[in-house]
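Thanks for making the time this morning. I would like to walk through one helix and then a few backbone details.

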Amino acid sequence: MKKGITGMLFVSAFFLTAVVFSLTALAHKPGAFFFGESDGDGIISGNDYATLVSVIQNPQQSDTTLYSTVPQSRLVQDLDGSGGADCFDLAIWTYWFIGDWITALGIPTALGADPLDPEIVDGGSIWLPSVMVFSSGQKRVGWGVVYKITQNGTCTDADLYGRLASDGDSISWGNTVFAYTMTDGEADVKLRVNDGCDVDDTVDIQVYIPGDSEFLVPGHRFPNALDMGDHFVVTVVAQ
Ligand SMILES: [Ca+2]
Ligand SMILES: [Ca+2]
């Protein structure tokens, strides 16, 4: 009897949460916004649970049908970093859903890019080398990586092209932007230098994954920021 009541309460909470959060529309955010997600609202809720169960039960389903995340991939629900979506991820997810934010083994532990010192033609633009995000030897998918022009270079009259950190739904030029890691585990952002930069100037760019609190990602999926360590230092060269 008690078990039945508990089950009813759980199911009730499940659907109440789904209804409440279906009314909430959040702009895209960097960091763990999509980690464990499927319906793309950035919030761990009943829809995401149903998707993960469905994928486990019927693995041949199309990710583009099931996922509204960026990218549309079941790997955003790979919480243990195994490289697939399975019952071990569901176990972690279930803890999260009841408010026990246990640390998932699939959270990123390292960022890398090569080379870190590319050149850019004066007045031109380049795609920076892709930043890769890893954990447990696996490339991580759907993580929002922030790129930020710092004061450390000799020129700051430059812009980055990506999702604006201030409004992740807008893709534009700005000082601080982010990009999600795609199914190859790589995030891509473009840089341009403006009139205020000259030949031999450098543009310094910090790369990191923010902790949940910096951009108000709901839940406690990624409490602490992860910095790439070394910055991009891009040198302006003559045309
Ligand atoms: Ca959700
Ligand atoms: Ca997994």
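Before I speak of what covers what, let me say that two residues are taken to be in contact if their C-beta atoms, placed from the backbone, lie within 7 Å. Please also keep in mind that this is a predicted model.

With that in hand, what covers the buried residues of helix 4? The cover includes helix 2, residues 46-57. The buried residues in helix 4, which spans 87-97, are Asp 89, Ile 92 and Trp 96, and because they cover an arc of only 65 degrees around the axis, they sit on the same side of the helix. In general, an α-helix has 3.6 residues a turn, so residues three or four places apart point the same way. On the face of helix 4 turned away from that buried side we find Cys 87, Ala 91 and Thr 94, which are exposed, and after the helix comes Gly 99, with a positive phi near 90 degrees.

Now to the backbone, where, as a general matter, most residues other than glycine have a negative phi, and most peptide bonds are trans. Here the bond from Val 70 to Pro 71 is cis, with omega near -5 degrees, and Pro 71 lies in the loop between helix 3 and helix 4. Asp 114 and Pro 115 are likewise joined by a cis peptide bond, with omega about 0 degrees, and Pro 115 belongs to the loop between strand 1 and strand 2.

Finally, Asp 200, in the loop between strand 11 and strand 12, has a positive phi near 80 degrees, and Asp 200 is exposed, with 12 other C-beta atoms within 10 Å.

Conventions:
Residues are numbered from 1 along each chain as its sequence is written. Chains are lettered from A and ligands numbered from 1 in the order in which they are written. This is a predicted model: local features need pLDDT of at least 70, side-chain atom pairs count only at pLDDT 80 or more; totals for chains, interfaces and linings use all residues. A residue is buried if 20 or more other C-beta atoms lie within 10 Å of its own, exposed if 12 or fewer, and partly exposed in between; C-beta atoms are placed from the backbone. Helices (H or I, at least four residues) and strands (E, at least two) are DSSP runs, numbered from the N terminus. The arc is that of the directions from the helix axis to the C-beta atoms.
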